[in-house]
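Student: Could you take me through one part of this model in detail, with the cut-offs behind each term?

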Amino acid sequence: MEEKKEESKNKNVKKANLLDHNSIKHILDESVSDIVTSHGYKEDVRLSNLKLFLGAIIIVVALVAQFYNKKFPENRDFLIGCIALYPFLLSMFGFFDYGTYVVLNGVLQLILFTKEKNAILFTYPPEGSFTSTGLVVSSKLPRFSDEYTLTIDSADPKSISAGKSVQFTKSVTQWFTKDGVLVEGLFWKDVEALIKDYAKEEPKKKK
């Protein structure tokens, strides 16, 4: 019985490879999403769904261009149309292609980065809340650095109900054991404090 409890406990443990920058960030980002959504903020997946949908269209365009029943130069106009459409979709949704469009995709990835930046979570406003905007939660963990920055912004900064941006920057060493196990209690405490700070910065409903 005790062995089963121990196995169940180990399954719930979040463990990162402390030598892997991406592993540490993934564990922290995943936990942040859990914490934020547990406070009544439902995840907004519209952008993700739209990217998947357009990704499917890109694949269809590529397949049609590849297997079109006419050969070059008879299919020249059709191929020009596909080539014109393909990078346009790439510019909006950032899919990589290491063939002809390598240089173009580098520029398009830059556009995508400036649009989404370091966002890890988009949310709707919590039900029953005065605010009409959700959150954009972003994180940064620079390579070769132990400083993790977490930022909470309004999804619509121009809204009158938008709160001011809040953030913290702390060393990841205070949240992990030497074996790479995340001490969730400490991390939850810090993230919850940041959520409360953001809530304080939201405009209050006038009586």
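Tutor: What follows is a close look at Ser139 and the sheet around it.

This is a predicted model, in which local features need pLDDT of at least 70 and side-chain atom pairs count only at pLDDT 80 or more, while totals for chains, interfaces and linings use all residues. Residues are numbered from 1 along each chain as its sequence is written, and side-chain values use heavy atoms, with hydrogens and water left out.

Ser139 sits in strand S2, residues 135–140 (strands are DSSP runs of E, at least two residues, numbered from the N terminus). Its relative accessibility is 2%, so Ser139 counts as buried (buried means under 20% relative accessible area, with a 1.4 Å probe and protein chains only). Leaving aside residues up to four places away in sequence, Ser139 touches Lys25, Asp29, Asn118, Ile120, Tyr148, Thr149 and Leu150, where contact means heavy atoms within 4.5 Å. With one of these, Lys25, Ser139 also shares a side-chain polar contact of 2.9 Å (a pair of N or O atoms within 3.5 Å, of which, within protein, one must be able to donate a hydrogen and the other to accept it; residues adjacent in sequence count only if both atoms are side-chain atoms).

Strand S2 belongs to an open, antiparallel sheet of 4 strands in the order S1-S2-S3-S4, where two strands pair if DSSP finds at least two bridges between them. The edges are S1 (119–122) and S4 (166–171), each pairing on one side only. Between S2 and the antiparallel S3 (residues 147–154) there are 6 bridges, and Leu135 has Ser154 in S3 as its bridge partner.

Methods: Buried < 20%, exposed > 50% of the residue type's maximum accessible area, 1.4 Å probe, protein only.
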